[in-house]
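Work through these exercises with the structure in view. Try each task before you read its solution.

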Amino acid sequence: MSIELLDKGIKIIKPDFNQKIKILTLGDMPLSPSGVGTQSKYFCEALLKSGNFQIISLGGAIKHQNYNPIKTEEYRDDWTLFPVDQYGNEDIVRSVIRTQRPDILWFMTDPRFWGWLWGIENEIRPNVPMVYHHVWDNYPVPYFNRPCYDSNDFIACISKVTHDIVQKVTPDVSSVHIPHAVDPSIFKNSEFSTLEKRAFKEEHIGSGDKMLFFWNNRNARRKQSGSLIFWFKEFLDKVGHDKATLVMHTNTKDPNGQDLDAIVTRLGLVGNQILFSREPLESDKLAAIYNMADCTINISDAEGFGLATLESLSCGTPIIVNMTGGLQEQVTDGKNWFGIGIEPASKAIIGCQNVPYIYEDRLDGDDVVNALVNFYNLSEEERQNMGKMGEEHVEKNFNFKSFEKQWVDLMLDIHKNYGSWNTRKEYQSWKLLEIS
């Protein structure tokens, strides 16, 4: 396949056709460490491993060093990734569809980013079914999303909350719940001994006796990174400043978040109470930190799913989370608890022009501090049992093999029942309405 790059656009000169089902994906660069990027990678690899698919990915949402096409050593010509700004644009999508003739278009993240794509669905869907992997954080039911939902052939939902919302807003569009999953060959319980954990803590946080809390998120407003530092200090004021450390894996200078270094300095947390892991980490190194940590925290006021806490549970480490979005599916199965879930103290209605209303689940600082104290006071046996049950919860309800099989089966089914190009089915560009 020959590629020519024109002003950061893509012109494909010689199409390469074969008998495999061809998928065009749009979203975060699948090789990036974001949650959407990671899940996109898992999706693509599941299809490619089945041997039935070929994938073209337009990967955006990051700053690219260059715009040269990328091929992986493992999948070679079956998977070509094109770096794009933002998520691409109408002309790029039109060009790729016209020259590459994909059988299915798959795209992921929340609806705010896809208005331009749904704006040309009348050009796409006569030939290619559109499958939307949907991210939505919270209620009230967003009926304003109906035009977006109606512009798809199929919607796959990342959480039970999202699936319930889609079924209520647009019951006529087929949908299914496919929760996120993590690779258990990487995110697994390494069963380090107590001595090994003590040695790790001694080396990295200054004392083998300290409790280690871990926070792995983007430093952005809804993640409540600054609030967590203030509340963690209050927790230390209660139990002792030499008793615990919070490691935050994030960019402390993210323009979308707070200056976390300034907060730490202002609060006088200069004795290893708060430590920052600022550089990107390979997945295996991240898994090692989950294993060494006693607890992973996520107190976001809105969270469609929350991948870091699932990775933590997969490693056998309990979690403390806000009971919002997909986080509440992780911390409990309705009977057992795999950490501590904190109920929001208020549900403020916020919004903007594109999203007129949505709940923002805000926590009370005292509730967060009490959750930290309660976890600190658990015995080592109680914490280990909580983590073990969480590991089993992930294996049962967020199983990686099931995730891969669901996606392969779904995409095969869509190709069979919806067709593409000359075999296109289940789509008509008009509706017959009765006007009274």
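**Exercise 1. Locate Asp78 and list what surrounds it.**

Step 1. Asp78 sits in the loop between strand 5 and strand 6. Helices (H or I, at least four residues) and strands (E, at least two) are DSSP runs, numbered from the N terminus.

Step 2. Go across the chain to Ile55. Asp78 and Ile55 are 23 residues apart in sequence, yet their C-alpha atoms are 6.0 Å apart in space.

Step 3. List the contacts, where contact means heavy atoms within 4.5 Å. Leaving aside neighbours within four places in sequence, Asp78 is in contact with Lys20, Leu48, Phe53, Gln54 and Ile55.

Before going on, note how the model was made and handled. This is a predicted model, in which local features need pLDDT of at least 70 and side-chain atom pairs count only at pLDDT 80 or more, while totals for chains, interfaces and linings use all residues. Residues are numbered from 1 along each chain as its sequence is written, and side-chain values use heavy atoms, with hydrogens and water left out.

**Exercise 2. Find the residue in the loop between strand 5 and strand 6 that has a positive phi of about 45 degrees.**

Step 1. Start with the rule. Most residues other than glycine have a negative phi, and most peptide bonds are trans.

Step 2. Now find the exception. Arg76 is not a glycine, but its phi is positive, about 45 degrees. Arg76 lies in the loop between strand 5 and strand 6.

Step 3. Check its exposure. Buried means under 20% relative accessible area, exposed over 50%, partly exposed in between (1.4 Å probe, protein chains only). Arg76 has a relative accessible area of 55%, so it is exposed.

Step 4. Compare another case. Asn272, also not a glycine, has a positive phi near 70 degrees. Its place is the loop between helix 9 and strand 13 (274-277). At 30% relative accessibility, Asn272 is partly exposed.

Step 5. Add a peptide bond. The bond from Tyr139 to Pro140 is cis, with omega near -5 degrees. Pro140 belongs to the loop between strand 8 (130-134) and helix 5 (146-149).

**Exercise 3. In what order do the 8 strands of the open sheet stand?**

Step 1. Read the order: 5-6-4-3-7-8-9-10, with mixed pairing. Two strands pair if DSSP finds at least two bridges between them.

Step 2. Look at the edges. Strand 5 (70-71) and strand 10 (174-177) each have a single partner strand, so one side of each is left without a neighbour in the sheet.

Step 3. Follow strand 4 (residues 53-60). Strand 4 pairs with strand 6 (residues 79-83) in the parallel sense over 5 bridges. Leu58 has Phe82 in strand 6 as its bridge partner.

Step 4. Take strand 3 (residues 21-28) next. Of its 8 residues, 8 are buried. Strand 3 and strand 4 run parallel, paired over 8 bridges. Asp28 stands opposite Gly60 in strand 4.

**Exercise 4. Is strand 12 enclosed or open to the outside?**

Step 1. Count the buried residues. In strand 12 (residues 244-249), 6 of the 6 are buried, so the strand is largely enclosed by the rest of the structure.

Step 2. Check both faces. Ala244, Leu246 and Met248 are buried on one side, and Thr245, Val247 and His249 on the other.

Step 3. Find a partner. Strand 11 (residues 211-216) runs parallel to strand 12, joined by 6 bridges. Phe213 has Leu246 as its bridge partner in strand 12.

Step 4. Add Ser225, in helix 8 (residues 225-239). Its relative accessibility is 0%, so Ser225 counts as buried. Beyond four places in sequence, its contacts include Trp215, Asn219 and Met248.

Step 5. Add Asp254, in the loop between strand 12 and helix 9 (260-267). Asp254 counts as buried at 9% relative accessibility. Setting aside residues up to four places away, Asp254 touches Arg218 and Asn219.

**Exercise 5. Describe the whole chain.**

Step 1. Count the elements: 15 helices and 18 strands.

Step 2. Judge the compactness. The radius of gyration, taken over C-alpha atoms, is compared with the globule rule, 2.2 Å times the number of residues to the power 0.38. The value is 23 Å, close to the 22 Å that the rule gives for 436 residues, so the chain is as compact as a globular protein of that length.

Step 3. Look at burial and contacts. Of the 436 residues, 55% count as buried. Among contacts between residues at least 6 apart in sequence, 67% join residues at least 24 apart.
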